[in-house]
Amino acid sequence: MKKIQILIIEDNDDIRESTAEILELANYEVLQASNGRIGVELAGTHLPDLILCDIMMPELDGYGVLYLLNKNERTAATPFIFLTAKAERLDMRKGMEMGADDYLTKPFDDVELMNAIESRLSKKEKQQHFYSQSLEKLSALFSNTSGMQELEKIIAARKVRAIKKKQIVYYEGDNVSGVYLVMQGKVKTFKLSEDGRELLTGMYGQEEYFGITSLLLNAPYTETAEAMEDSTVCMLPKDLMEDLLHRYPDVARQFIEILSNNLQEKEEQLLQLAYHSVRKRMAEVLARLCKQEQEGTELTLRISRDNLAAMAGMATETVSRILSDFKDEGIIERKGSQIVILDQIRLQQMKN
């Protein structure tokens with residue numbers, strides 16, 4: 001049985017060799033690099049299962065190593081853990097935002113190291129299983145054409161980014177970097193009015209894309225994207241997507257279809273804001289959220305009053321009042337911050 005291979009990139013000989021000894025005792029196969037440049041070469045040649053990397057090194061530092069590995073399709077998805085003496089929060093945040101999977105500060109003990117490695121390897125295995133299921137669903141959603149097969153390969157080769165609830169994926173005005181696919185969780189997009197009020201422009205769940213408009217226009221993002229709950233997303237870089245859209249008309253057609261559906265939903269949202277009462281708007285928002293829930297699950301909505309207000313274009317106080325009315329009328333039930341839908345039909349048939 002092939003051993004799991006781990007690459008250690010560390011310029012301090014004592015730390016590198018002692019870490020290698022610990023890993024070999026745990027039955028891992030270990031590769032060693034004494035600086036960042038050698039580390040990138042070894043990673044590209046051997047494609048290890050996991051990489052441990054120092055930050056402060058001669059020739060090429062750890063940030064440079066991670067940047068180069070992320071640019072290489074063959075190494076972009078490899079779990080990457082920083083081992084460093086840089087313990088400042090800003091350093092840690094920079095490393096994680098660049099795509100590192102974990103961050104251990106020196107000195108660390110054997111247990112910390114092994115826990116971090118086993119956690120990342122286990123997560124990688126679960127993600128691969130999850131991707132294979134998601135990609136099968138994508139295949140069923142789209143026709144099984146050569147372009148979609150190529151898209152599947154790109155998705156499978158990309159590293160999935162874990163984002164915490166309320167963490168920003170991108171801001172309005174940021175240069176477009178690519179399209180995002182939600183693998184797990186929920187992400188919302190919104191715009192802010194001049195007085196700071198938030199208008200929700202889209203909500204995306206599992207297997208849904210966002211950021212398509214800016215990619216096709218080759219323009220900065222026109223809205224901000226934020227995680228509504230702990231989520232994982234896969235970013236498909238702009239260059240790769242442009243090449244794919246150019247070479248495969250079936251992929252372009254599918255993205256145009258997704259974009260058209262998004263535009264249709266926004267047109268309906270505008271009509272609702274212009275002509276419907278606040279009560280009917282709230283009923284339509286709840287009915288729309290019900291449709292997004294997976295079949296077979298209890299119709300319990302986990303959404304804040306602020307997000308409901310942003311979706312319906314009204315104040316949070318108004319949301320509270322209407323939800324209270326719906327509860328008194330037996331249409332919904334409140335369980336803490338959750339909303340249980342008791343009567344979908346009445347929501348769908350709510351009069352203006």
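Me: What is the volume of the largest cavity?
Reply: The model is a predicted one. It holds one cavity of 30 Å³ or more. The volume of the largest cavity is about 40 Å³.

Me: Which element gives the largest share of the lining of the largest cavity?
Reply: The lining is made by Q269, Q272, L273, R281, V285, M311 and A312. Two or more of these residues come from each of the helices α9 (249-275), α10 (278-292) and α11 (305-312). The largest share, three residues, comes from α9.

Me: How many residues of the lining of the largest cavity are charged?
Reply: The lining includes L273, R281 and M311. Sorted by kind, its residues divide into four nonpolar and two polar, and the number that are charged is one.

Me: What is the order of the strands in the open sheet of five strands?
Reply: Strands of a sheet pair through backbone hydrogen bonds, either parallel or antiparallel. In this sheet the pairing is parallel. Read across the sheet, the order is β2-β1-β3-β4-β5.

Me: Why is one side of β2 and of β5 left without a neighbour in the sheet?
Reply: In the order β2-β1-β3-β4-β5, the sheet is open. One side of β2 and of β5 has no neighbour because each has a single partner strand, both standing at the edges.

Me: By how many degrees are neighbouring strands of the five-stranded sheet turned against each other on average?
Reply: The strands of this sheet pair in parallel. With direction ignored, the average turn between neighbouring strands is 20°.

Me: Which residue in β2 stands opposite I8?
Reply: Strand β1 covers residues 5-9 and runs parallel to β2, with five bridges joining the two. Opposite I8, the residue in β2 is Q32.

Me: What angle does the direction of helix α2 make with that of β1?
Reply: Helix α2 (residues 36-46) packs on the five-stranded sheet. There α2 touches β1, β2 and β3 (50-53). Its direction makes with that of β1 an angle of about 165°.

Me: Is the β-α-β unit made by β4, helix α4 and β5 right-handed or left-handed?
Reply: Strand β4 (residues 80-84) pairs with strand β5 (residues 102-105) in the parallel sense, over four bridges. Within this pair, F82 stands opposite Y103. Helix α4 (residues 89-97) joins the two strands in a unit that is right-handed.

Me: Which strands are the edge strands of the sheet β6-β13-β8-β11?
Reply: This open sheet has four strands, and its pairing is antiparallel. An edge strand here pairs on one side only. The edge strands are β6 (160-163) and β11 (209-210).

Me: Which residue in β11 stands opposite Y180?
Reply: Strand β8 (residues 178-184) runs antiparallel to β11, and two bridges join them. Opposite Y180, the residue in β11 is F210.

Me: What angle does the direction of helix α8 make with that of β13?
Reply: Helix α8 (residues 238-247) packs on the antiparallel sheet. It touches β8 and β13 (231-237). The angle between the directions of α8 and β13 is about 65°.

Me: Is the peptide bond from K106 to P107 cis or trans?
Reply: P107 has its place in the loop between β5 and α5 (110-141). The omega of the bond from K106 to P107 is near -5°, and the bond is cis.

Me: What is the phi of N27?
Reply: N27 lies in the loop between α1 (13-25) and β2 (29-33). Its phi is positive, in a residue other than glycine, and the value is near 75°.

Terms used. Residues are numbered from 1 along each chain as its sequence is written. This is a predicted model: local features need pLDDT of at least 70, side-chain atom pairs count only at pLDDT 80 or more; totals for chains, interfaces and linings use all residues. Side-chain values use heavy atoms; hydrogens and water are left out. Two strands pair if DSSP finds at least two bridges between them. Contact means heavy atoms within 4.5 Å. Axes are lines fitted to C-alpha atoms, for helices over the stretch in contact, and angles run from 0 to 180 degrees between N-to-C directions. A crossover is right-handed if, with the strands pointing away from the viewer, the path from the first strand over the helix to the second runs clockwise. On a 1 Å grid over the protein atoms alone, a cavity is a set of points where a 1.4 Å probe fits but cannot get out, and a pocket is an open set with protein on both sides within 12 Å along at least five of seven lines; lining residues have an atom within 4 Å of a point. Grid points are joined across faces, edges and corners, and a volume is the space filled by probe spheres set on the points. Ala, Val, Leu, Ile, Met, Phe, Trp, Tyr, Cys and Pro count as nonpolar, Asp, Glu, Lys and Arg as charged, and the others, Gly among them, as polar.
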